[in-house]
Amino acid sequence: MKKLLTLVAMVAITFTAVADEGMWLLPYIKKMNSKDLKQHGCKLKAEDIYSAEKSSLKDAIVVFGGGCTGEIVSPNGLLFTNHHCGYDAIQKLSSVEHDYLKDGFWAQNNAEELPAEGLSVRFVRHIFDVTADIKGNIPSTASQQEYEAAVSTNKNTLIAKLSTEYPGMDIIVPSFFGGNQFFAFVYEVYTDIRLVGTPPSSIGKFGGDTDNWMWPRHTGDFSIFRVYAGKDNRPAEYSEENVPYQAEKWLDISLDGIEEGDFGMIMGFPGSTERYMTSHEIDYMLQVDNPQRIYVRGERQQILRKFMDENQAIRIKYDSKYAQSANYWKNSIGMSRGIEKLNVRDKKAAQEAQFQAWAEKNTLPEERYVDALRLIAESQSEARQESATMQYLSEAFLQSVEVIQTMLGIADFEQFYKDYDASADRAVAKRMFQIYRENNELLPSIYNKIDAQFGGNSDAYVDWLYDNTKLSTYEDYKSIAELDDEAREQAFTSDPVYELTNSIIELYRQLVPKIMASNTKFAEGHRLYIDGLMKMQPEKAWASDANFTIRLTYGNVLPYSPADGVIYQHYTTLDGVIAKEDPSNPVEFTVPERLKELYRTKDYGRYADKNGELPVGFLVNCDITGGNSGSPVMNAKGELIGLAFDGNWEAMSGDVAFEPELQRTIAVDIRYVLFIIEKYAGAGWLLDELTIK
């Protein structure tokens, strides 16, 4: 056994030594990554992954909803993504009578598929490098304000031109490398999306908050939707006459499984990274930003959890909102931990010292590279209190006290009230008013009212607020909304929630000028710093930060060692699911009876591995972040082998600094997905439209 563990460690070291960060832009794969892809084991040509002229893997990868990735897996528009990506849609379709979160849902034919209102899927149809169009007429001597104004004007001109060339499409022109490069993306947006299947949360969310970001992992984090289109296969609003989308490209599925060292690649839409963050920004993150978020969300989540545990209806209302809050809360905890443990700040400071020495020796003063780090440092100090206060206002009031959101233009009030409980919101509000005052010098003017009329007792004020507002129920809100314009405005402006909201917005407005000035200074320093780094090391293949545009990342299936004397193997099995069952924690570690029965009889069918075990999850050292959830993990032939759904706890600093020895993507094995569909759910009809190798 000792020799085996030593061999595992040696293999891990061999592969991680060549692993590198990179969320690569598709148009440059052939030029920048072809050789490296082949060395890692990829058997595809660059044109098979991305081509501007013909169908490629890119055409099967979609933006799912507002912040996830999905993949088309059949010619009839069937789509796989994560359970947590579909969670909000599943929650909206759920009720006490039909609790699809708790019990799961499986359509047995197309007619039973459920319309997911408000959900969309976006296909990337074209990608263009438009840097010359956006920056070509901007002089190098332009100030940051002049630069941003010119960029905005040029973007609007370009978007108008492309909108004429591609009618009905969505056009975006995001910046890359801190505003030094620009691409245009042309999207086709489908809005008739239907729920086809989802496992119960006891499978799709197995492990809950306890296992979130952790390995070993045993979560069947997948859900199934279908894209529908009009008879012409183009986007159309929901209609019973719509038909399944006929896909140009879909992913084949491999049941060959994975072995340590196998090639793996992920294509998806990573949301946001800050790999060019400096030590100055890290100081603010560790001292202000993360601690405030962790504290405020933790206080709110404790209150919501109590209400959810005591009332099933409230649990259904708040399941999705709680999960979203808790995910970023734990991410912030792990991020701070990782940055401190891995000494990221000092590594950044060393890079900055090297950059400054290069800039002073090799660049001209008018190029302003020598000023880049000074501008960033000043931006972080000049509006520090204002930025901290603004974050607290957002976390404690605008995001936490939901009744305030009725004054902020919520799009779908019927859905808002469907997922709202005034008693839980009242309890949250009481705690938020307390902790805001305890932790801030700049107070909204509503505290003057609390002091003058309620003797400083914010709990008494909150009770008065909820007892007197007409905005805590949908019926009352609707009765106001249906009034004529003058009467409606009078009703809203006389409601006590209006006074509260206005006091918060007033303080917001006071904070904005100084924050905007510091943001402008930061943007200029950031742009110069990144441009200078690339000029300082022109031989390096630089990857732009994530910005929710389609990227490719690749690596190998690998174990890792999180600590001295500990080695995590690269996969998990159903054995681990059964071992984790915990009757004392039924919210997170319940195993359905049907799954236990299949385990007892070892009825795994064609989905067992060579040892007769049922695989559940695996690791690959790809470079992902939020937004990649639901992304396909593909093998060397471009076949689907799993769905990415998480990163690992030990590398939570990865959004700021990639750690090749530790960074791992956690994926659910496609064999577990298909096993749940066929053996657990009895929805084998879905497999008939898949291309399974």
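This dialogue discusses side-chain contacts in a predicted model.

Reader: On what basis should the values be read?

Author: The model is predicted, so local features need pLDDT of at least 70 and side-chain atom pairs count only at pLDDT 80 or more, while totals for chains, interfaces and linings use all residues. Residues are numbered from 1 along each chain as its sequence is written, and side-chain values use heavy atoms, with hydrogens and water left out.

Reader: How many salt bridges does a search of the whole structure find?

Author: Side chains of opposite charge can pair when their charged atoms come close. A salt bridge is defined here as a side-chain nitrogen of Lys or Arg within 4 Å of a carboxyl oxygen of Asp or Glu. The search of the whole structure yields 49 salt bridges.

Reader: Which residue forms a salt bridge with Lys-92, and where do the two lie?

Author: The partner is Asp-88, with the closest N and O atoms 2.6 Å apart. Helices (H or I, at least four residues) and strands (E, at least two) are DSSP runs, numbered from the N terminus. Both residues belong to helix 5 (residues 83–93); because they are 4 residues apart, about one helical turn separates them. For accessibility, buried means under 20% relative accessible area, exposed over 50%, and partly exposed in between (1.4 Å probe, protein chains only). Lys-92 is partly exposed at 26%, and Asp-88 is partly exposed at 29%.

Reader: What salt bridge does Asp-451 form?

Author: Asp-451 pairs with Arg-437, and the closest N and O atoms are 2.8 Å apart. This pair links distant parts of the chain, 14 residues apart: Asp-451 is in helix 18 (residues 446–454) and Arg-437 in helix 17 (residues 422–439). Asp-451 is partly exposed at 38%, as is Arg-437 at 29%. Salt bridges also form a network, whose members include Arg-368, Asp-371, Lys-521 and Glu-524.

Reader: Which cysteines form a disulfide, and what is its handedness?

Author: A disulfide is a pair of cysteine sulfur atoms within 2.5 Å, and the count by this rule is 1. Cys-68 and Cys-85 form a disulfide, with their sulfur atoms 2.2 Å apart. The torsion about their S-S bond is about -80°, so the disulfide is left-handed. Cys-68 lies in strand 3 (residues 68–72) and Cys-85 in helix 5, so the pair ties together parts 17 residues apart in sequence. Both Cys-68 and Cys-85 are buried.

Reader: Why is the sulfur of Cys-42 not in a bond with that of Cys-622?

Author: The closest cysteine sulfur to that of Cys-42 belongs to Cys-622, at 11 Å, which is too far for a bond. Cys-42 is buried, with a relative accessible area of 7%, and Cys-622 is buried at 1%.

Reader: How many aromatic pairs are there?

Author: Rings of Phe, Tyr and Trp (its six-membered ring) pair if their centres lie within 6.5 Å; planes under 30 degrees apart count as stacked, over 60 as edge-to-face and the rest as tilted. The count comes to 38 aromatic pairs. The ring centres of Phe-176 and Phe-185 are 6.3 Å apart and their planes meet at 35°, so this pair is tilted. Phe-176 and Phe-185 are both buried. Phe-454 and Trp-464 also form a tilted pair, 5.8 Å centre to centre with 55° between the planes.
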